[in-house]
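Me: I've got a model to go through and want to learn how to read it feature by feature. Can you take me through it?

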Amino acid sequence: MTANVAAPRGIVWQLTYACPLRCVHCYTESGRRPTRQLSRPEQSRVVDAMISLEPYEISLGGGEPLIVPGVYELAEQIRAADVGVSVWTSGWTIGPDLIDPILDSFDAIHVSVDGATAEMHDAIRGRRGSFDRATRALELLGAGIDDRRRRGQWVPYLGIDCCVTRSNFGQLRQYCGELLHRFPEVTVANLDACLPNGLASRAGFAEHELLTEQLCAELTSDELGAELRSLAPRGVTLGLDAYQAWRPSADNLQPETGFMEVEADGSVRVYPFLEWTAGSLLTESAAEVWARVHEYRRDPFLAEVFASVTDMTGWAVAVRRLDEHFGSGETQQRIARRPEFIALPAVPAPAADRHLKEKV
């Protein structure tokens with residue numbers, strides 16, 4: 001690394017844009033675009049480039065990373081370099097035959113569940129049955145972890161992640177007080193605000209689903225945090241983040257995420273929430289690309305647009321404006337083809353969560 005640019009603490013690689021789901025908020029627009037998936041030798045080169053930065057962890061996402069041939073070999077390549085590796089999955093493809101390969105290959109496994117009920121999760125994830133698949137995956141992974149622990153073997157940690165929107169905000173108590181109790185091997189639950197990125201930056205989605213300032217404040221409040229932790233199983237670390245540190249503003253013109261975001265083809269984004277790239281790990285050294293990321297973050301137009309952001313909706317406006325300005329021709333054509341967001345059907349909140357829903 002250069003003297004003035006610290007190495008990223010972590011790297012997120014969206015390994016493929018192939019996906020069996022059609023999530024309404026998808027940050028990468030997966031399942032609706034070419035996969036841009038690299039060949040196996042090219043993937044190995046990208047891994048070597050990421051390892052050269054000596055991050056604490058490399059996270060494999062997508063799309064659905066577990067459908068990529070050779071994903072377990074890539075994970076082993078990362079671990080062989082003494083770098084942690086995690087996977088973020090919808091759980092759709094996970095059956096009994098995949099439990100051992102997954103538990104053998106990853107230090108952490110995160111399964112996305114975007115609601116306390118099938119009705120809510122499936123509406124957000126865009127495919128009926130996705131809640132049942134995700135919860136079944138958690139049950140299978142938990143059973144495998146329990147079996148290995150009983151035999152005195154090392155086990156990865158199992159996490160569950162929820163992208164919090166206005167629609168599912170009213171289910172937070174049910175999520176912690178009921179859903180999490182179904183999975184005794186889960187040790188981490190992240191309930192984080194949806195970011196205005198990709199499909200979640202659309203004007204209609206921002207209007208209906210991105211959290212208001214009031215809801216962001218409530219999500220991160222000590223009061224709600226204490227209540228949700230009291231409802232969650234003992235031993236579960238609960239994360240509640242509205243990404244204030246990532247949010248640009250007049251007082252935060254160069255937000256520091258600490259992470260490198262790598263697209264499926266090895267391109268590196270200037271910010272995780274923008275489709276503006278600074279170079280490719282296939283054609284340049286990782287240190288050079290990472291230094292250019294920080295150089296591009298000082299662009300005057302970026303600062304001009306960031307200065308107007310005061311809330312999540314304004315952040316979405318900024319993302320759309322910057323993607324239009326800096327995105328490639330191909331990116332702009334894809335963005336122009338995005339369908340308008342159709343409001344999700346109302347799902348009644350449980351009685352215990354009704355006051356949360358009313359604030360939405």
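Me: Let's start with Arg-79: how much of the residue is accessible, in relative terms?

Reply: The general idea is to compare relative accessible area with two cut-offs: under 20% is buried, over 50% is exposed, and anything in between is partly exposed (1.4 Å probe, protein chains only). Arg-79 comes out at 26%, so it counts as partly exposed. Asp-107 has a value of 23%, so that residue is partly exposed too. Before we go on: this is a predicted model, where local features need pLDDT of at least 70 and side-chain atom pairs count only at pLDDT 80 or more, while totals for chains, interfaces and linings use all residues. Residues are numbered from 1 along each chain as its sequence is written, and side-chain values use heavy atoms, with hydrogens and water left out.

Me: Which kind of interaction do the side chains of Arg-79 and Asp-107 make?

Reply: A salt bridge, at 3.6 Å from N to O; the test is a Lys or Arg side-chain nitrogen within 4 Å of an Asp or Glu carboxyl oxygen. The pair links distant parts of the chain, 28 residues apart: Arg-79 belongs to helix α2 (residues 71-80), and Asp-107 to the loop between α3 (99-105) and β4. Those labels are DSSP runs numbered from the N terminus, with helices (H or I) of at least four residues and strands (E) of at least two.

Me: How many salt bridges does a search of the whole structure find?

Reply: It finds 22. Take Asp-114 and Arg-125, whose closest N and O atoms are 2.9 Å apart. This one runs from the loop between β4 and α4 to helix α4 itself, spanning 11 residues. Both partners are buried.

Me: And which one involves Glu-304?

Reply: Glu-304 bridges to Arg-321, at 3.5 Å from N to O. Glu-304 sits in helix α12 (residues 300-306) and Arg-321 in helix α13 (residues 312-326), so the bridge ties together parts that are 17 residues apart in sequence. Both ends are partly exposed, with 48% relative accessible area for Glu-304 and 38% for Arg-321. Bridges can also share partners: Glu-29, Glu-275, Arg-334 and Arg-338 are joined into one network that way.

Me: Back to α4. Which of its residues are buried, and what do they pack against?

Reply: Within α4 (residues 118-125), the buried set is Met-120, His-121, Asp-122, Ile-124 and Arg-125. They pack against β4 (108-112), α5 (130-150) and α6 (166-169). Just past the helix, Gly-126 takes a positive phi of about 75 degrees.

Me: What about a loop residue, say Gln-37: which residues does it touch?

Reply: For contacts, look for heavy atoms within 4.5 Å. Leaving out residues up to four places away in sequence, Gln-37 touches Leu-15, Thr-16, Gln-43, Val-68 and Pro-69. Gln-37 is in the loop between β1 and α1, and its relative accessible area of 31% makes it partly exposed. Arg-32 lies in the loop between β1 (10-14) and α1 (40-51) and is partly exposed at 33%.

Me: How should I read separation along the chain against separation in space?

Reply: Put the two values side by side. Gly-225 and Leu-238 are 13 residues apart along the chain, with their C-alpha atoms separated by 8.3 Å. For Gln-37 and Leu-344 the sequence gap is 307 residues and the C-alpha distance 31 Å. Gly-225 itself is in helix α10 (residues 222-231), and it counts as buried at 1% relative accessibility.
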